[in-house]
Amino acid sequence: MRFNWKKTLLVSLDVALAIYLVQAVTAFNKPDNRADVCSKVGIDIADENVNGFLSAQEIKRILERNRLYPLSQPMRYIDPRKIEEVLTGSPFVKTAECYKTQDGRVCITLTQRLPIVRIKNEKGEDYYLDDNGGIMPNSKYTSDLIVVTGYVPQWYAQHYIYLLAETLMTSDLWRNQVEQINVLPNRGIEIVPRVGNHIVFLGYLPEFKSAKKRKTEVPKFVEKKLNRLEKFYKYGLSQAGWNKYSYISLEFDNQIICKKRSETPPATEQKE
């Protein structure tokens, strides 16, 4: 039998390469073999410069309170899954990912829940709605958000006011122009603008049992009203003056009803 040394050499090389790859992958998946302690903690927060409540210092404080901040800790005792679990328990954290590297670093990446509107209703409740319609506690304050007042139960806030606020936030004009939304006892919607000494009555948001129907019809209703208001601002108030009217009603589709501001206060009857 003739010995095929070329074939044997090729098989040996294949086996050696396979062993090398297994060892390399195994070593890569054990990041704490080369470093004894954590030398650096990296915290990356998406949308940190927007209207979020999270900062790297806040994340550090959360981990320190739970005795999980990894800096200078032995790498073999650092549990990335436990860090993720504690961080996602925060009402302001949407997602959290943590991992260790071979050179002794611990990397933490987060996305945060972003508040889009603040609710302060007649019952004294004070909270935020996030960009998914979820409720966030009012443990912090941001002055850039629209404030909703009046008769706003939580179910109405999450199913209707959220859609109204989300529609406003998609427009640079209305995101900056609307300062306050007031919900009347009959669920009529009033808007208080930043520019102009008047109140705008938007009308009544259409109500549906179907969530799918709400998500399409409520924004459509709001956009239609705001388009009319924008044209009235452009062609009406720009000529008449921003403070001429005290109340502007958009309730009816074929007309805009305006109440003039009284130039002189009514005379008061004096008693002798």
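Biologist: I would like to start with one residue: in which helix does Glu 84 lie?

Modeller: Glu 84 belongs to helix α3. Helices here are DSSP runs of H or I with at least four residues, strands are runs of E with at least two, and both are numbered from the N terminus. Please keep in mind that this is a predicted model: local features need pLDDT of at least 70 and side-chain atom pairs count only at pLDDT 80 or more, while totals for chains, interfaces and linings use all residues. Residues are numbered from 1 along each chain as its sequence is written, and side-chain values use heavy atoms, leaving out hydrogens and water.

Biologist: Does Glu 84 count as buried or exposed?

Modeller: The scale is relative accessible area: under 20% is buried, over 50% exposed and anything in between partly exposed, with a 1.4 Å probe and protein chains only. Glu 84 comes out at 16%, so it counts as buried.

Biologist: And which residues is Glu 84 in contact with, leaving aside neighbours within four places in sequence?

Modeller: Contact means heavy atoms within 4.5 Å. For Glu 84 the partners are Ala 96, Glu 97 and Cys 98.

Biologist: Let's turn to the sheet. What is the order of its three strands?

Modeller: Two strands pair if DSSP finds at least two bridges between them. Here the order is β1-β3-β2, in an open sheet with mixed pairing. β1 (40-45) and β2 (93-100) each have a single partner strand, so they stand at the edges with one side lacking a neighbour in the sheet. On average, neighbouring strands are turned by 15° against each other, ignoring direction.

Biologist: In which sense do β2 and β3 pair?

Modeller: β2 pairs with β3 (residues 105-112) in the antiparallel sense, over seven bridges. Lys 100 faces Val 106 of β3, and Ala 96 has Leu 110 as its bridge partner. The two strands form a hairpin with four residues between them, and Gly 104 in the turn has a positive phi of about 90°.

Biologist: Which strands does α2 touch?

Modeller: Axes are lines fitted to C-alpha atoms, for helices over the stretch in contact, and angles between N-to-C directions run from 0 to 180 degrees. Helix α2 (residues 56-65) packs on the sheet against β1 and β3, at about 125° to β1. Helix α3 (residues 80-88) also packs on the sheet, touching β2 and β3, at about 165° to β2.

Biologist: How do α2 and α3 pack, and at what angle?

Modeller: Their axes lie 10 Å apart at an angle of about 110°. Under 35 degrees is roughly parallel, over 145 roughly antiparallel, 65 to 115 roughly perpendicular and the rest oblique, and α2 and α3 are therefore roughly perpendicular. Ile 59, Ile 62 and Leu 63 of α2 meet Ile 83, Val 86 and Leu 87 of α3.

Biologist: Where is Ile 45 found?

Modeller: Ile 45 sits in strand β1 and is buried, at 5% relative accessible area. Its contacts beyond four places in sequence include Leu 54, Ile 59 and Leu 110. Ile 45 and Ile 59 are 14 residues apart in sequence and 9.5 Å apart from C-alpha to C-alpha.

Biologist: One last pair: how do α4 and α6 cross?

Modeller: Helix α4 (residues 154-169) and helix α6 (residues 211-240) have axes that come within 9 Å and cross at roughly 50°, which means α4 is oblique to α6. Among the residues making the contact are Tyr 160 and Leu 164 of α4 and Val 218 and Leu 226 of α6.
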